[in-house]
Amino acid sequence: MEIVYYEKLQQKLIPSIYELACMIEESIHEPVNITFGKIYELLVRKKGIFFICYVNKEEISFGFLSNGGYNKKHKRLMFFAVKKDYRNQSLGKNILRKVIKDKIYLDSGCMLACKAYLEKFYGELGFKVYNKVHTSKDEITMLLSSTDCNIEKVNFGFYNDVEVREDYSKIYEGTTVYNNVLYKNIFLGLLFLILLLWIY
Ligand SMILES: CC(C)(COP(=O)(O)OP(=O)(O)OC[C@H]1O[C@@H](n2cnc3c(N)ncnc32)[C@H](O)[C@@H]1OP(=O)(O)O)[C@@H](O)C(=O)NCCC(=O)NCCS
(Lines give C-alpha, C1' and ligand atoms only; values in the text may rest on other atoms or scores of the structure.)
Protein backbone atom coordinates (compact mmCIF):
# COMPACT_ATOMS: atom_id res chain seq x y z
CA MET A 1 0.00 0.00 0.00
CA GLU A 2 1.41 3.37 -1.05
CA ILE A 3 -0.16 6.78 -0.50
CA VAL A 4 0.83 9.66 -2.76
CA TYR A 5 -0.03 13.24 -1.85
CA TYR A 6 -0.65 16.04 -4.36
CA GLU A 7 -0.68 19.65 -3.21
CA LYS A 8 -1.44 21.27 -6.56
CA LEU A 9 -3.63 20.46 -9.51
CA GLN A 10 -2.19 18.38 -12.32
CA GLN A 11 -3.95 17.21 -15.45
CA LYS A 12 -3.29 13.55 -14.57
CA LEU A 13 -5.32 13.92 -11.35
CA ILE A 14 -8.56 14.88 -13.12
CA PRO A 15 -9.84 11.27 -13.64
CA SER A 16 -9.06 10.36 -10.01
CA ILE A 17 -10.81 13.46 -8.63
CA TYR A 18 -13.77 12.64 -10.86
CA GLU A 19 -13.83 9.04 -9.62
CA LEU A 20 -13.86 10.24 -6.00
CA ALA A 21 -16.68 12.68 -6.81
CA CYS A 22 -18.71 9.83 -8.37
CA MET A 23 -18.26 7.63 -5.29
CA ILE A 24 -19.32 10.51 -3.03
CA GLU A 25 -22.42 11.12 -5.17
CA GLU A 26 -23.30 7.44 -5.00
CA SER A 27 -22.93 7.21 -1.23
CA ILE A 28 -24.10 10.55 0.13
CA HIS A 29 -25.85 12.10 -2.91
CA GLU A 30 -23.59 15.14 -3.10
CA PRO A 31 -23.61 16.12 -6.79
CA VAL A 32 -20.44 15.22 -8.72
CA ASN A 33 -20.03 18.82 -9.85
CA ILE A 34 -19.90 20.11 -6.25
CA THR A 35 -17.32 17.60 -4.98
CA PHE A 36 -15.25 17.85 -8.15
CA GLY A 37 -15.51 21.67 -8.12
CA LYS A 38 -14.49 22.06 -4.48
CA ILE A 39 -11.42 19.84 -4.83
CA TYR A 40 -10.51 21.43 -8.17
CA GLU A 41 -10.81 25.02 -6.90
CA LEU A 42 -8.98 24.38 -3.62
CA LEU A 43 -6.14 22.55 -5.40
CA VAL A 44 -5.78 25.36 -7.94
CA ARG A 45 -5.39 27.73 -4.95
CA LYS A 46 -3.01 25.26 -3.25
CA LYS A 47 -5.31 25.10 -0.24
CA GLY A 48 -5.51 21.37 0.13
CA ILE A 49 -4.01 17.94 -0.38
CA PHE A 50 -5.47 15.32 -2.70
CA PHE A 51 -4.27 11.81 -1.94
CA ILE A 52 -4.39 8.51 -3.78
CA CYS A 53 -3.77 5.10 -2.27
CA TYR A 54 -2.22 2.53 -4.61
CA VAL A 55 -2.13 -1.22 -4.13
CA ASN A 56 -0.05 -3.02 -6.75
CA LYS A 57 -0.08 0.21 -8.80
CA GLU A 58 -3.90 0.24 -8.86
CA GLU A 59 -5.68 3.28 -7.44
CA ILE A 60 -7.96 1.92 -4.72
CA SER A 61 -8.84 4.95 -2.62
CA PHE A 62 -8.94 8.74 -2.84
CA GLY A 63 -9.31 11.58 -0.37
CA PHE A 64 -9.02 15.30 0.04
CA LEU A 65 -7.79 17.36 2.99
CA SER A 66 -8.29 21.11 2.96
CA ASN A 67 -6.01 23.53 4.80
CA GLY A 68 -6.99 26.26 7.23
CA GLY A 69 -10.28 27.10 8.84
CA TYR A 70 -8.85 27.29 12.37
CA ASN A 71 -5.20 28.07 11.79
CA LYS A 72 -2.86 27.45 8.86
CA LYS A 73 -2.02 23.95 10.02
CA HIS A 74 -5.59 22.93 10.75
CA LYS A 75 -7.00 20.42 8.28
CA ARG A 76 -10.39 19.19 7.28
CA LEU A 77 -10.97 15.78 5.77
CA MET A 78 -13.48 16.91 3.17
CA PHE A 79 -13.86 13.74 1.11
CA PHE A 80 -12.71 10.16 1.40
CA ALA A 81 -13.71 6.94 -0.33
CA VAL A 82 -12.44 3.44 -0.98
CA LYS A 83 -13.36 1.66 -4.23
CA LYS A 84 -16.27 -0.75 -3.76
CA ASP A 85 -14.26 -3.95 -4.35
CA TYR A 86 -11.84 -3.01 -1.59
CA ARG A 87 -14.27 -1.98 1.16
CA ASN A 88 -14.66 -3.74 4.53
CA GLN A 89 -11.09 -5.05 4.52
CA SER A 90 -9.81 -2.45 7.01
CA LEU A 91 -8.13 -0.58 4.17
CA GLY A 92 -10.08 2.65 4.83
CA LYS A 93 -8.94 2.81 8.44
CA ASN A 94 -5.35 1.85 7.62
CA ILE A 95 -5.13 4.46 4.87
CA LEU A 96 -6.45 7.18 7.17
CA ARG A 97 -4.08 6.10 9.98
CA LYS A 98 -1.19 6.71 7.57
CA VAL A 99 -2.66 10.02 6.32
CA ILE A 100 -3.08 11.23 9.92
CA LYS A 101 0.52 10.29 10.69
CA ASP A 102 1.84 11.97 7.52
CA LYS A 103 -0.28 15.10 7.19
CA ILE A 104 -2.21 15.98 10.35
CA TYR A 105 -0.72 18.26 12.98
CA LEU A 106 -2.48 16.90 16.05
CA ASP A 107 -2.08 20.13 18.03
CA SER A 108 -3.89 22.07 15.29
CA GLY A 109 -6.47 19.38 14.73
CA CYS A 110 -8.48 17.93 11.89
CA MET A 111 -12.23 18.30 11.41
CA LEU A 112 -14.65 16.32 9.36
CA ALA A 113 -18.38 16.20 8.76
CA CYS A 114 -19.89 12.81 7.99
CA LYS A 115 -23.04 10.73 8.13
CA ALA A 116 -23.84 9.68 11.69
CA TYR A 117 -23.41 6.00 10.80
CA LEU A 118 -19.67 6.62 10.31
CA GLU A 119 -19.16 7.74 13.93
CA LYS A 120 -17.66 4.35 14.89
CA PHE A 121 -15.43 4.24 11.80
CA TYR A 122 -13.89 7.65 12.47
CA GLY A 123 -14.08 7.15 16.26
CA GLU A 124 -11.67 4.23 15.98
CA LEU A 125 -9.20 6.63 14.37
CA GLY A 126 -9.41 9.02 17.34
CA PHE A 127 -12.03 11.47 16.03
CA LYS A 128 -14.52 12.65 18.63
CA VAL A 129 -18.01 13.98 17.95
CA TYR A 130 -18.13 17.70 18.40
CA ASN A 131 -21.69 18.00 19.59
CA LYS A 132 -22.05 21.71 19.19
CA VAL A 133 -21.87 21.55 15.43
CA HIS A 134 -24.40 19.37 13.73
CA THR A 135 -24.71 20.27 10.09
CA SER A 136 -28.00 18.41 9.72
CA LYS A 137 -30.00 15.66 11.43
CA ASP A 138 -28.11 12.66 10.11
CA GLU A 139 -24.72 14.38 9.93
CA ILE A 140 -22.17 14.87 12.64
CA THR A 141 -19.03 16.93 12.91
CA MET A 142 -15.97 15.26 14.40
CA LEU A 143 -12.61 16.52 15.57
CA LEU A 144 -9.22 14.85 15.95
CA SER A 145 -6.91 16.90 18.13
CA SER A 146 -4.31 16.36 20.83
CA THR A 147 -5.11 19.70 22.44
CA ASP A 148 -8.50 21.14 23.17
CA CYS A 149 -8.17 23.42 20.15
CA ASN A 150 -10.50 26.37 20.28
CA ILE A 151 -13.23 25.00 18.09
CA GLU A 152 -15.30 28.17 18.45
CA LYS A 153 -12.72 29.90 16.29
CA VAL A 154 -13.00 27.47 13.41
CA ASN A 155 -14.36 29.24 10.37
CA PHE A 156 -16.72 26.57 9.09
CA GLY A 157 -17.79 28.80 6.21
CA PHE A 158 -14.21 28.79 4.93
CA TYR A 159 -14.67 25.51 3.11
CA ASN A 160 -17.94 26.49 1.49
CA ASP A 161 -16.69 29.94 0.53
CA VAL A 162 -14.78 28.44 -2.36
CA GLU A 163 -16.67 29.42 -5.48
CA VAL A 164 -17.73 26.42 -7.51
CA ARG A 165 -18.58 26.94 -11.17
CA GLU A 166 -21.80 25.65 -12.68
CA ASP A 167 -20.24 23.00 -14.84
CA TYR A 168 -16.93 21.14 -14.80
CA SER A 169 -17.97 18.43 -17.24
CA LYS A 170 -15.65 19.63 -20.03
CA ILE A 171 -12.74 19.26 -17.63
CA TYR A 172 -13.55 15.85 -16.25
CA GLU A 173 -14.69 14.51 -19.61
CA GLY A 174 -11.27 15.50 -20.91
CA THR A 175 -12.45 17.83 -23.68
CA THR A 176 -10.48 20.69 -22.20
CA VAL A 177 -7.33 21.05 -20.12
CA TYR A 178 -7.62 22.72 -16.77
CA ASN A 179 -7.18 26.47 -16.70
CA ASN A 180 -3.79 26.63 -15.05
CA VAL A 181 -2.20 24.65 -17.88
CA LEU A 182 -4.08 26.73 -20.42
CA TYR A 183 -3.00 30.06 -18.91
CA LYS A 184 0.57 28.85 -18.48
CA ASN A 185 0.75 27.81 -22.13
CA ILE A 186 -0.76 31.10 -23.32
CA PHE A 187 1.72 32.99 -21.14
CA LEU A 188 4.70 30.96 -22.43
CA GLY A 189 3.45 31.39 -26.00
CA LEU A 190 3.25 35.16 -25.59
CA LEU A 191 6.69 35.25 -23.99
CA PHE A 192 8.12 33.29 -26.91
CA LEU A 193 6.46 35.65 -29.38
CA ILE A 194 7.87 38.72 -27.63
CA LEU A 195 11.32 37.11 -27.63
CA LEU A 196 11.09 36.42 -31.37
CA LEU A 197 9.95 39.99 -32.11
CA TRP A 198 12.76 41.35 -29.95
CA ILE A 199 15.39 39.21 -31.76
CA TYR A 200 14.22 40.38 -35.17
C1 LIG B 1 -16.58 4.79 4.51
C2 LIG B 1 -15.53 4.03 3.72
C3 LIG B 1 -14.44 4.99 3.30
C4 LIG B 1 -14.92 2.95 4.63
O5 LIG B 1 -13.87 2.30 3.92
P6 LIG B 1 -13.50 0.76 4.21
O7 LIG B 1 -12.23 0.43 3.54
O8 LIG B 1 -14.66 -0.09 3.90
O9 LIG B 1 -13.26 0.87 5.79
P10 LIG B 1 -12.79 -0.27 6.81
O11 LIG B 1 -12.84 -1.61 6.18
O12 LIG B 1 -11.52 0.17 7.42
O13 LIG B 1 -13.93 -0.13 7.92
C14 LIG B 1 -15.24 -0.38 7.59
C15 LIG B 1 -16.15 0.18 8.64
O16 LIG B 1 -16.92 1.29 8.15
C17 LIG B 1 -18.30 1.08 8.43
N18 LIG B 1 -19.15 1.59 7.35
C19 LIG B 1 -18.82 1.93 6.11
N20 LIG B 1 -19.91 2.32 5.40
C21 LIG B 1 -20.93 2.23 6.26
C22 LIG B 1 -22.33 2.46 6.14
N23 LIG B 1 -22.87 2.88 5.00
N24 LIG B 1 -23.10 2.23 7.23
C25 LIG B 1 -22.57 1.80 8.39
N26 LIG B 1 -21.27 1.54 8.56
C27 LIG B 1 -20.47 1.76 7.50
C28 LIG B 1 -18.43 -0.44 8.48
O29 LIG B 1 -19.47 -0.82 9.29
C30 LIG B 1 -17.10 -0.92 9.04
O31 LIG B 1 -17.15 -1.01 10.44
P32 LIG B 1 -16.41 -2.21 11.21
O33 LIG B 1 -14.95 -2.04 10.93
O34 LIG B 1 -16.75 -2.00 12.63
O35 LIG B 1 -17.00 -3.44 10.62
C36 LIG B 1 -16.14 3.30 2.49
O37 LIG B 1 -17.27 2.56 2.91
C38 LIG B 1 -16.55 4.23 1.38
O39 LIG B 1 -15.76 4.57 0.52
N40 LIG B 1 -17.82 4.66 1.36
C41 LIG B 1 -18.33 5.53 0.33
C42 LIG B 1 -17.83 6.95 0.46
C43 LIG B 1 -18.17 7.57 1.81
O44 LIG B 1 -19.23 7.36 2.36
N45 LIG B 1 -17.20 8.35 2.32
C46 LIG B 1 -17.31 9.00 3.60
C47 LIG B 1 -18.02 10.30 3.53
S48 LIG B 1 -17.07 11.57 2.79
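How does Glu58 count at 33% relative accessibility: buried, partly exposed or exposed? Glu58 counts as partly exposed. The notes below cover its salt bridge and the other features of this predicted model.

1. **Glu58 and Lys83.** These two side chains form a salt bridge, with the closest N and O atoms 3.9 Å apart. Glu58 sits in strand β3, while Lys83 belongs to the loop between β4 and α3, so the bridge ties together parts that are 25 residues apart in sequence. The two ends differ in cover. Lys83 is buried, at 17% relative accessibility, because the cut-off for buried is under 20%. Glu58, at 33%, is partly exposed.

2. **A shared-partner network.** Glu19, Glu58 and Lys83 are joined into one network by salt bridges that share partners. Across the whole structure, the search finds eleven salt bridges. In general, side chains of opposite charge can pair when their charged atoms come close.

3. **Glu7 and Lys103.** Here the N to O distance is 3.6 Å, again a salt bridge between side chains. The partners come from distant parts of the chain, 96 residues apart. Glu7 is in the loop between β1 (2-6) and α1; Lys103 is in helix α3 (residues 91-103). Glu7 has 47% relative accessibility and counts as partly exposed. That follows because exposed requires over 50%.

4. **Lys115 and Glu139.** This salt bridge has an N to O distance of 3.9 Å. It links two strands: Lys115 is in β5 (residues 110-115) and Glu139 in β7 (residues 139-144), 24 residues apart. Lys115 is buried at 16% relative accessibility. Glu139, at 22%, is partly exposed.

5. **The largest nonpolar core.** It holds 28 residues, and Phe36 and Phe50 touch the most other members. Several elements feed it. α1 (14-28), α2, β2 (48-55), β3 (58-67), β4 (75-82) and α6 (169-172) each supply at least two residues. Another core lies apart from it, with 25 residues, among them Ile49, Leu96, Leu112 and Met142. As a general trend, nonpolar side chains in soluble globular proteins tend to be buried together.

6. **Contacts of Phe50.** Leaving out residues up to four places away in sequence, Phe50 touches a list that includes Val4, Tyr5, Tyr6 and Leu13. Ser16, Ile17 and Leu20 are also touched by Phe50. So are Ile39, Leu43, Phe62, Gly63 and Phe64.

7. **Helix α2.** The helix covers residues 32-44, 13 in number. From first C-alpha to last it reaches 18 Å, close to the 18 Å expected at 1.5 Å a residue. α2 is mostly covered, with eleven of its 13 residues buried. Among the buried ones are Val32, Phe36, Ile39, Leu42 and Leu43. Charged residues of α2 are buried too, including Lys38 and Glu41. Just after the helix, Lys46 takes a positive phi of about 55°.

8. **A nonpolar surface patch.** Which residues form a nonpolar patch on the surface? Tyr183, Ile186, Leu190, Leu193, Ile194 and Leu197 do, with about 660 Å² of accessible area together. Leu197 is found in helix α7 (residues 179-199). At 64% relative accessible area, Leu197 is exposed. In an α-helix there are 3.6 residues a turn, so residues three or four places apart point the same way.

Technical notes: Residues are numbered from 1 along each chain as its sequence is written. This is a predicted model: local features need pLDDT of at least 70, side-chain atom pairs count only at pLDDT 80 or more; totals for chains, interfaces and linings use all residues. Side-chain values use heavy atoms; hydrogens and water are left out. Patches are made of residues with over 30% relative accessible area and no salt bridge: like charges are joined within 9 Å, nonpolar side chains (Val, Leu, Ile, Met, Phe, Trp, Tyr) within 5 Å. Accessible areas come from the Shrake-Rupley method with a 1.4 Å probe; for residues, only the protein chains shown count as cover. A salt bridge is a side-chain nitrogen of Lys or Arg within 4 Å of a carboxyl oxygen of Asp or Glu. Helices (H or I, at least four residues) and strands (E, at least two) are DSSP runs, numbered from the N terminus. Buried means under 20% relative accessible area, exposed over 50%, partly exposed in between (1.4 Å probe, protein chains only). The expected span of a helix is 1.5 Å times one less than its number of residues. A nonpolar core is a set of buried Ala, Val, Leu, Ile, Met, Phe, Trp, Tyr and Cys residues joined through side-chain atoms within 4.5 Å. Contact means heavy atoms within 4.5 Å.
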